[in-house]
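Me: I'm new to this one, so could you take me through a single part of it slowly? I'd like a close look at the charged side chains and what they pair up with.

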Amino acid sequence: MSYSYRSIRSSSVAKRYPRNNQNRSRGGRGGRTEYINPDRFIKKATAAEAEAYAPTHTFADFALSPLLQANLATKGYVMPSPIQDQAIPAGLQGRDVIGIASTGTGKTAAFALPILQRLIHEPSSYALIIAPTRELAQQIEDECKLLAKGSGLFGALLIGGTSMGSQLRDLKLSPRVVIGTPGRIKDHMQRGTLKLHRFNVVVLDEVDRMLDMGFVADVREILSQASAKRQSFFFSATLDNRVRGLIENFSTDPVTVSLKAGSASENVHQNVVRYQGNMDKIDKLHDLLLQAEVTKVIVFDETQRGVERLGKELIAKGFKAESIHGGKSQSQRQRALDKFKQNQVSILVATDVAARGIDVVDVSHVVNFSIPKAYDDYIHRIGRAGRAGQIGHALTFVAH
Ligand code: AMP
C-alpha cells in the first residue's frame with residue numbers, strides 16, 4: 001500500500017538576591033531555584049544592526065530528491081536558514097549532528113530534510129523523532145508531512161492525550177517515521193506495539209527541555225533499544241554540562257552546528273513593567289494589552305491555576321483570550337492554539353510547559369506576568385516573539 005505522508009545570553013552573571021526578595025522566583029526544576037537580576041530582562045534588540053547571515057548554499061546545492069526540492073518550493077522556502085545551511089550537508093553525509101538552536105530557527109527542516117532523503121532512498125531505514133511536548137511533536141509531524149508529501153512515506157505520531165486506537169493502527173503498518181513524546185513512546189515499547197531495533201535514525205529535539213522535564217531515564221531507555229548502528233541528531237537551545245553529557249554518551253564523531261549564542265533573542269526588545277501589588281499588576285497588564293502595537297501576545301504565568309484564572313479575568317475584561325496549560329486535554333490545547341494561530345483570539349495565556357516549542361510566526365509581544373524559574377526559561381519564552389526576522393517585544397513584570 002502506498003501512503004502519502006499522513007499521520008502517518010546575557011553576559012552578566014545573575015546577582016544573588018536576598019531570600020525575601022519579592023522578585024525571587026520560587027520552585028525551580030527539581031527544586032532548583034535561580035535568582036535572576038531584573039536587569040537581565042532589559043535589552044534592546046540588535047538584529048536590525050546585525051549583519052545578515054549569508055548562507056553558503058542554496059537548497060538546489062543540497063543532494064535532495066526532486067520531490068523534496070519541489071515540496072520545499074511549495075512551502076515557500078527560498079534560502080536555507082543558518083542552521084539548515086550548516087546542518088543539512090552534514091546530515092546528508094550520514095554524520096551525527098548536534099544543533100544548538102531554538103525553535104524559530106528552522107531546525108525542524110534542518111533534520112527532517114536529510115532524514116527524509118535517506119528514508120526515500122533506503123527502504124530499510126526508519127526514523128524515530130523524540131520531542132519533549134505534544135505540541136512540538138505535532139509541529140514536527142506537520143512539517144514532515146508537508147516536506148514528504150507524495151513520497152509514499154508513512155508516519156505515526158505517538159503522543160499522550162490522543163486516542164491509542166489510531167496509534168495502534170498506524171504502528172501495525174510499520175511506519176517509517178515515528179514522532180512522539182518520551183512517555184507515550186515508552187508506553188508503546190512496554191506494550192510491545194513499538195519495536196525499535198530497526199530504527200537507525202534518531203532525533204532528540206529540545207534536549208535541554210527533555211532533561212528539565214525529567215525525561216532523562218526514559219530517553220536513555222528508548223535510545224538503548226534503537227539500532228546500535230545509527231545516525232543521531234540532537235537539538236538543544238542550550239548546551240550545558242547535562243546536555244553535553246547525554247549527547248556525548250549517544251553520539252559518534254558528531255558535527256556541531258551552533259548559532260551565535262543568544263541569536264534567537266537578538267531581535268527582541270526586552271524591558272520590564274514595574275508594578276506595586278496585585279491590583280496594579282493586573283491594571284498594568286490591561287493597559288498594555290490595549291496598546292495598538294500589541295497585536296498578538298503570549299502571556300506567561302507560572303502555574304496552571306494562575307493561567308486559568310488570568311485567562312478568565314482577561315475574557316471578563318472583554319479581551320479575546322485563550323489559555324493553554326498542562327491541565328487541559330490535548331484537544332483543548334490544540335483548539336486554543338489553532339484559534340491563536342488563526343487570529344480568532346489575539347491573546348494566549350500559557351504556562352512554560354504548554355508553550356514549549358510553539359511556533360506562531362507573528363507574535364508581537366511576550367509578556368512574562370510571572371518571572372520565569374530560570375534564565376533559560378526566559379530565553380525560551382521570549383524566543384516566541386520576533387520570529388521570521390521581525391522585531392518582537394518581551395515585557396517582564398517585576399515588583400517594585
Ligand atoms: P522551526 O525552528 O523548525 O520551528 O521553524 C520555524 C519557522 O520557520 C516555521 O514556521 C518554518 O516553517 C519556517 N522555516 C523553516 N525553514 C525555513 C526557510 N528556509 N525559509 C523560510 N521559512 C522557514
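Reply: Let's start with R242, which is partly exposed because its relative accessible area is 32%, a value between the 20% limit for buried and the 50% limit for exposed. Keep in mind that this is a predicted model.

R242 has a salt-bridge partner, D212, with the closest N and O atoms 3.0 Å apart. R242 sits in helix α9 (residues 241-250) and D212 in helix α7, so this pair ties together parts that are 30 residues apart in sequence. And is D212 buried or exposed? D212 has a relative accessible area of 15%, so it counts as buried. So here a partly exposed arginine, R242, meets a buried aspartate, D212.

The two of them aren't on their own, either. R242 and D212 belong to a network of salt bridges that also takes in R209, D240 and D377.

Now zoom out a little. How many salt bridges does the structure hold? There are 18, and two others are worth a stop.

One of them joins K107 and E206, whose closest N and O atoms are 3.8 Å apart. That pair links distant parts of the chain: K107 belongs to helix α3 (residues 107-121), while E206 is in the loop between β5 (199-204) and α7 (207-212), 99 residues apart. K107 and E206 are both buried.

The other brings the side chains of R333 and E135 together, at 2.8 Å from N to O. Why does this pair tie together parts that are 198 residues apart in sequence? R333 lies in helix α12 (residues 330-341) and E135 in helix α4 (residues 134-147), so the salt bridge spans that stretch of the chain. Here too, both partners, R333 and E135, are buried.

Charged side chains also turn up over aromatic rings in this model. K281 lies over the face of F369, 4.3 Å from the ring centre. In a second case, the charged end of K296 sits over the ring of F340, at 5.1 Å from its centre.

While we're on rings, they pair with each other as well: the count comes to 7 aromatic pairs. There is also an aromatic cluster, made up of F41, Y375 and Y378.

If you want a route for your own look, begin at R242 and D212, follow the network to R209, D240 and D377, then hop over to K107 with E206 and R333 with E135.

How values were computed
Residues are numbered from 1 along each chain as its sequence is written. This is a predicted model: local features need pLDDT of at least 70, side-chain atom pairs count only at pLDDT 80 or more; totals for chains, interfaces and linings use all residues. Side-chain values use heavy atoms; hydrogens and water are left out. Rings of Phe, Tyr and Trp (its six-membered ring) pair if their centres lie within 6.5 Å; planes under 30 degrees apart count as stacked, over 60 as edge-to-face and the rest as tilted. A charge sits over a ring if NZ of Lys or CZ of Arg is within 6 Å of the ring centre and within 35 degrees of the ring normal. A salt bridge is a side-chain nitrogen of Lys or Arg within 4 Å of a carboxyl oxygen of Asp or Glu. Helices (H or I, at least four residues) and strands (E, at least two) are DSSP runs, numbered from the N terminus. Buried means under 20% relative accessible area, exposed over 50%, partly exposed in between (1.4 Å probe, protein chains only).
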